[in-house]
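Subject: Handover of a structure, with notes

Dear colleague,

Please find below the structure that I am handing over to you. My notes on it follow directly after.

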Amino acid sequence: MTSAQEVKKLRQKTGAGFMDCKKALESCDNDLEKALIWLKKKGLSTVAKKSGRKAVEGLIFSYIHGNGRLGVLLEVNSETDFVARNEKFKNFVKQLSLHILAMEPLYIKENDIPEELKVEEKKVFNNQALLKSKKPEIAQKISEGLYKKWLEEICLLNQEFVRENQESKQTIEKALNELISQLGENIVIRRFVRFALGETHEEKKNGPA
């Protein structure tokens, strides 16, 4: 029989609801590690189902830093105003704005990058890879690695989340999916602008030096 103490322990680890944790433990013979995997799989399934649902509520959040020298304006959407008022949601938006300020992403996801820019960068990475190895299969892996690293530098969802009280490393995309699973609604990072005093449009377009 599953005890309330076991359910509480699983809830503290995952942030999932009481009944979900209870069901996970019961389905896994009260094995905590197996229950964690069970909840993770359920969460990914839940996220996939919710991803197409309309999200037009949420928050527009502003953060100003350095006596007005740096700033971020960020919009994150939820399905309902109820979730928009949730402390977990508000804290995620705040931490995300701090991350954007520090890490200077240029786009939210890979699909937002202009196609001509992706083609241009892939050519550069292919040339770099061929200089390191003449073997096509090795050069291809090197090129793919360089492209992945580039995405991590400029795409918000691909970046490792930099935030307070971080227990383990995870990408923004993974943190977002966990929040969707916990709050039970589709959540969308809609848009952001990062401001640096005196920065020109060309400097912003070219990204961090």
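To begin with a single residue: does Leu-10 count as buried or exposed? Leu-10 counts as buried, because its relative accessibility is 0%. Please bear in mind, here and throughout, that this is a predicted model. Leu-10 belongs to helix α1, which spans residues 4-14. Its C-alpha atom is separated by 9.7 Å from that of Leu-39, although the two positions lie 29 residues apart along the chain as a sequence separation.

Overall composition

The chain contains nine helices and three strands. Read from the N terminus, the order of elements is α-α-α-β-β-α-α-α-α-α-β-α. Of the 209 residues, 32% count as buried.

Helix α2

In helix α2, residues 18-27, the buried residues are Cys-21, Ala-24 and Leu-25. These residues lie on the same side of α2, because they cover an arc of only 95° around the axis. The general background is that an α-helix has 3.6 residues a turn, so residues three or four places apart point the same way.

Helix α2 also holds a salt bridge between Glu-26 and Lys-22, whose closest N and O atoms are 2.6 Å apart. The two residues are four positions apart in the helix, or about one turn. Glu-26 counts as partly exposed because its relative accessible area is 45%, and Lys-22 is likewise partly exposed, at 27%. Just after α2, Asp-29 adopts a positive phi of about 55°.

The sheet

The three strands form an open sheet in the order β1-β2-β3, and the pairing is antiparallel. Strands β1 (57-65) and β3 are the edge strands, each pairing on one side only. From one strand to the next, the twist averages 10°.

Nine bridges connect β1 with β2 (residues 70-78) in the antiparallel sense. Among the bridge partners, His-65 is matched with Leu-70 in β2, Ile-60 with Glu-75, and Leu-59 with Val-76. The two strands make a hairpin with four residues between them, and Gly-66 in the turn has a positive phi of about 65°.

On the other side of the pairing, β2 is joined to β3 by eight bridges, again antiparallel. Here Val-72 stands opposite Arg-194 in β3. Strand β2 is mostly covered, with seven of its nine residues buried.

Salt bridges between distant parts of the chain

How many salt bridges does a search of the whole structure find? The search finds seven. Besides the pair in α2 described above, two others deserve a mention here.

The side chains of Arg-191 and Glu-75 meet in a salt bridge with an N to O distance of 2.6 Å. This pair links distant parts of the chain, since Arg-191 is in strand β3 and Glu-75 is in strand β2, 116 residues apart. Arg-191 counts as exposed because its relative accessibility is 53%, whereas Glu-75 is buried, with a relative accessible area of 13%.

The side chains of Arg-194 and Glu-104 meet in a further salt bridge, at 3.8 Å from N to O. This pair also links distant parts of the chain: Arg-194 is in strand β3, and Glu-104 is in the loop between α5 (87-103) and α6, 90 residues away. Arg-194 counts as buried because its relative accessibility is 10%, while Glu-104, at 25%, counts as partly exposed.

Surface features

Which residues form a nonpolar patch on the surface? They are Ile-60, Leu-73, Val-193 and Phe-195, which together have about 370 Å² of accessible area. Of these, Val-193 is located in strand β3, residues 188-196. Val-193 counts as partly exposed because its relative accessibility is 36%.

Finally, Leu-130 is located in helix α6, residues 115-132. Leu-130 counts as partly exposed because its relative accessibility is 41%. The C-alpha atoms of Leu-130 and Gln-140 are separated by 8.4 Å, with the two residues 10 apart along the chain.

With kind regards

Methods:
Residues numbered from 1 in each chain as written. Predicted model: local features only at pLDDT ≥ 70, side-chain atom pairs only at ≥ 80, totals over all residues. Heavy atoms only, no water. Buried < 20%, exposed > 50% of the residue type's maximum accessible area, 1.4 Å probe, protein only. Arc of directions from axis to C-beta. Patch = residues over 30% accessible without salt bridge, like charges linked within 9 Å, V, L, I, M, F, W, Y side chains within 5 Å. Areas by Shrake-Rupley, 256 points an atom, 1.4 Å probe, with all protein chains shown as cover. Salt bridge = Lys/Arg side-chain N within 4 Å of Asp/Glu carboxyl O. Pairing = 2+ DSSP bridges. Axes fitted to C-alpha atoms, helices over the stretch in contact; angles between N-to-C directions.
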